[in-house]
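The following exercises concern one protein chain. Please work through each task with the sequence and the structure at hand before reading its solution.

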Amino acid sequence: MSEKAVVVYSGGMDSFTVLNTAIQEGLEVYAISFNYGQKHNKELEVAAQVCQNLNIPHKIVDITAINSLMANSSLTSGEDIPEGHYESDSMKSTVVPNRNMVLLSMAIAYAVSLEAGKVYYGAHSGDHHIYPDCRPEFVDAMNAVAQIANYQAVDIVTPFLHSSKGDILKAGLDMGLNYGNTWTCYNGREKSCGKCGACHERLEAFAEQGKTDPLEYELN
């Protein structure tokens, strides 16, 4: 019987690659996504469709009730999404307080209930500058807690923790993945804006690999 693993799956290109990496590793994958009131909840629709196509069990957990506790982020408030690169300090407004600790805690609980030994999530080096909960020291600390928080130890697995967005894209392209089945833009409109930090990083990754992004952009 295959080993079970829970994948925190947002619907973005990083978690899409992580999801398929876990599948390639022969794991029995259970995907979990979260609605925390993000403007770009279009990613949840994309995630649901991918899991349906892959015939993977998928839960979308509504945690919007705690949105008032995770305030002051432009991703969940009336504040405009900043434009520019992730290295700009203005992008700090996209930080959702304690988001990954909350999401990982619930994913670990789900893993324990399934008797799954691993939780995968898509932290990578491009997020380290802005997002503290994607940095190696956070992952190490959460992994230590996941070993002792329950009677069953759970490993937090981050295959791309030290990889760039371009590295992640290359890994996915080498697997033959179609990134038209992902959503990255922080503005949840019909087309990607091409101006927010998430779009900038995605477009840079495709340019680095000499590929054209299959998604449509408002700039086109």
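The model is predicted.

**Exercise 1. Determine whether C185 and C193 are buried or exposed, and where they lie.**

Solution.
1. The UniProt record, an unreviewed entry, places a "binding site" at C185, C193, C196 and C199.
2. C185 is found in the loop between helix 5 (165–174) and helix 6 (197–208). The loop between helix 5 and helix 6 also holds C193.
3. Buried means under 20% relative accessible area. C185 has a relative accessible area of 0%, so C185 is buried. C193 has 3% relative accessibility and therefore counts as buried.

**Exercise 2. Check the span of helix 2 and establish how its buried residues are arranged.**

Solution.
1. Helix 2 comprises 13 residues, 42–54. At 1.5 Å a residue, counting one less than the number of residues, helix 2 should span 18 Å. The end C-alpha atoms are 19 Å apart, which agrees.
2. The buried residues of helix 2 are E43, L44, V46, A47, V50 and C51. Viewed down the helix axis, these residues fall within an arc of 160 degrees, so they line one face of helix 2.
3. E45, Q52 and N53 are exposed on the other side of helix 2.
4. The packing partners of the buried residues are helix 1 (13–24), strand 2 (28–35) and strand 3 (58–62).
5. Just after helix 2, N55 adopts a positive phi of about 60 degrees.

**Exercise 3. Identify which residues touch the most other members of the largest nonpolar core, and list the contacts of Y9.**

Solution.
1. The largest nonpolar core has 61 residues, and V6, Y9 and V119 touch the most other members.
2. Helix 3 (residues 99–114) supplies the largest share of this core, 7 residues.
3. With neighbours within four places in sequence left aside, Y9 is in contact with S15, F16, L19, A31, I32, S33, A47, V50, C51 and N181. Among these contacts, A47, V50 and C51 are buried residues of helix 2.

**Exercise 4. State which residues of helix 5 are buried and what covers them.**

Solution.
1. K165, G166, I168, L169 and G172 are the buried residues of helix 5.
2. They cover an arc of only 160 degrees around the axis, which puts them on the same side of helix 5.
3. The elements covering these buried residues include helix 1 and helix 6.
4. G176, which follows helix 5, has a positive phi near 80 degrees.

Methods. Residues are numbered from 1 along each chain as its sequence is written. This is a predicted model: local features need pLDDT of at least 70, side-chain atom pairs count only at pLDDT 80 or more; totals for chains, interfaces and linings use all residues. Side-chain values use heavy atoms; hydrogens and water are left out. UniProt positions are given in the numbering used here, feature names are shortened, and annotations may be inferred rather than shown by experiment. Helices (H or I, at least four residues) and strands (E, at least two) are DSSP runs, numbered from the N terminus. Buried means under 20% relative accessible area, exposed over 50%, partly exposed in between (1.4 Å probe, protein chains only). The arc is that of the directions from the helix axis to the C-beta atoms. Contact means heavy atoms within 4.5 Å. A nonpolar core is a set of buried Ala, Val, Leu, Ile, Met, Phe, Trp, Tyr and Cys residues joined through side-chain atoms within 4.5 Å.
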